[in-house]
Amino acid sequence: MREQWTASDDGAVAEADLWTRVQDGDEQAFAVVYRRHSRRVHGLCRALLTSGGLHDDVTGRCEDLTSGVFLTAWRRRHEMEVRDSVLPWLLATAANLCSNEQRAARRRRWLIARVARLHTIVATPADSVEQTVHAAALAAHARHEIAALPRPLREVADLCIVHDVTTRDAAALLGLAEGTVKSRLHRARRHLSRTVLGSRGDR
């Protein structure tokens, strides 16, 4: 039976032996690994996020990412072969998670900018009140119909119709082929032409 861990054991046990215990499900051994390396992982996350232009709530994001690194390590502990130190694997995982975080943040900023630009479009003075009200009613009806679409069509319609995103950019955001996006957009527009424009009383 293995002895219990104490704080003095942290620097005394070789990491390969320590990781063997982790692979056996020893949570105390894993806590030692966390105490040894969490500061380095957190520091790398902070450096990568700030150098990548992310400054909002960096501390909170780094804490979440650090937790994510060690959660991944625990889940994949049986796949990892540790000879000298687990730190290189932890740092590589941290870099990957930070890269994902930066890409997600860029997508959020891009979409926010597109929506902000959309909201700057207002009716021109030449528009009559009746035309403006009618257009607003059609837009509300269209938004309602888009929200009711099946998810694959709704995602494409929301990006390309509501937010004026190109099919190429929508494909990149959704991880789809552009041809798939175009096909779904065509189906969504066909549905809207029937349910929105087809319901107009003046035509």
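Helices are DSSP runs of H or I, at least four residues long, numbered from the N terminus. In this predicted model, helix α2 is where L44 is placed. That residue is taken up again below, after an outline of the whole chain.

The protein contains 8 helices and 0 strands. Its pattern along the sequence therefore reads α-α-α-α-α-α-α-α, each element being a helix under the DSSP assignment. The chain has 203 residues, and 30% of them are buried. Contacts were also sorted by separation in sequence. Of those with a separation of 6 or more, 61% join residues 24 or more positions apart. The exposed surface comes to about 12,900 Å². Carbon and sulfur atoms supply 53% of that surface.

The interior was examined next. In soluble globular proteins, nonpolar side chains tend to be buried together. Here the largest nonpolar core has 22 residues. Within this core, the residues with the most contacts are W19, V33, V41, C45, V86 and L90. Four helices each supply at least two of the core residues: α1 (15-23), α2 (27-51), α3 (58-75) and α4 (87-119). The largest share comes from α2, which gives 7 residues. Another core lies apart from this one and has 8 residues. V156, L159, C160 and V181 are among them.

V86 shows which residues meet in the larger core. Neighbours within four places in sequence are left aside here. V86 is then in contact with E15, W19, V33, H37 and M80. Two of these partners, W19 and V33, are also listed with V86 among the residues with the most contacts inside the core.

How do two of the core-forming helices pack? Two packed helices are described by the angle between their axes and the distance between the axes. For α1 and α2, the angle is about 135° and the axes are 8 Å apart. Angles over 145 degrees count as roughly antiparallel, and 65 to 115 as roughly perpendicular. The α1 and α2 pair falls in neither range, so the two helices are oblique to each other. On the α1 side, the contact is made by E15, L18, W19, R21 and V22. On the α2 side, A29, F30, V32, V33, R36 and H37 take part. By class, the contact has 7 nonpolar, 1 polar and 3 charged residues.

Helices α2 and α4 also meet, as L44 and A95 show. L44 is in helix α2, and A95 is in helix α4. Leaving aside neighbours within four places in sequence, L44 is in contact with L91, A94 and A95. A95, counted in the same manner, touches L44 and L48. The positions of these residues in sequence are well separated by number. L48 and A95 are 47 residues apart along the chain, yet their C-alpha atoms are separated by 7.5 Å. L44 and C98 are 54 residues apart along the chain, with 9.1 Å between their C-alpha atoms. Are L44 and A95 buried or exposed? Buried means under 20% relative accessible area and exposed means over 50%. L44 has a relative accessible area of 25%, so it is partly exposed. A95 is at 32%, so it too counts as partly exposed.

T93 is also placed in helix α4. Its relative accessible area is 10%, which means that T93 is buried. Apart from neighbours within four places in sequence, T93 is in contact with V69 and T72. T93 and L65 are 28 residues apart in sequence. In space they are 9.7 Å apart, C-alpha to C-alpha.

T59 gives a view of helix α3, where it is found. Which residues does T59 touch, not counting those up to four places away in sequence? The partners are H42 and R46. T59 and C45 are 14 residues apart in sequence and 9.4 Å apart in space, C-alpha to C-alpha. The relative accessibility of T59 is 39%, so T59 counts as partly exposed.

Key:
Residues numbered from 1 in each chain as written. Predicted model: local features only at pLDDT ≥ 70, side-chain atom pairs only at ≥ 80, totals over all residues. Heavy atoms only, no water. Core = buried A, V, L, I, M, F, W, Y, C linked by side-chain atoms within 4.5 Å. Buried < 20%, exposed > 50% of the residue type's maximum accessible area, 1.4 Å probe, protein only. Contact = heavy atoms within 4.5 Å. Areas by Shrake-Rupley, 256 points an atom, 1.4 Å probe, with all protein chains shown as cover. Axes fitted to C-alpha atoms, helices over the stretch in contact; angles between N-to-C directions. Parallel < 35°, antiparallel > 145°, perpendicular 65-115°, else oblique. Nonpolar A, V, L, I, M, F, W, Y, C, P; charged D, E, K, R; others polar.
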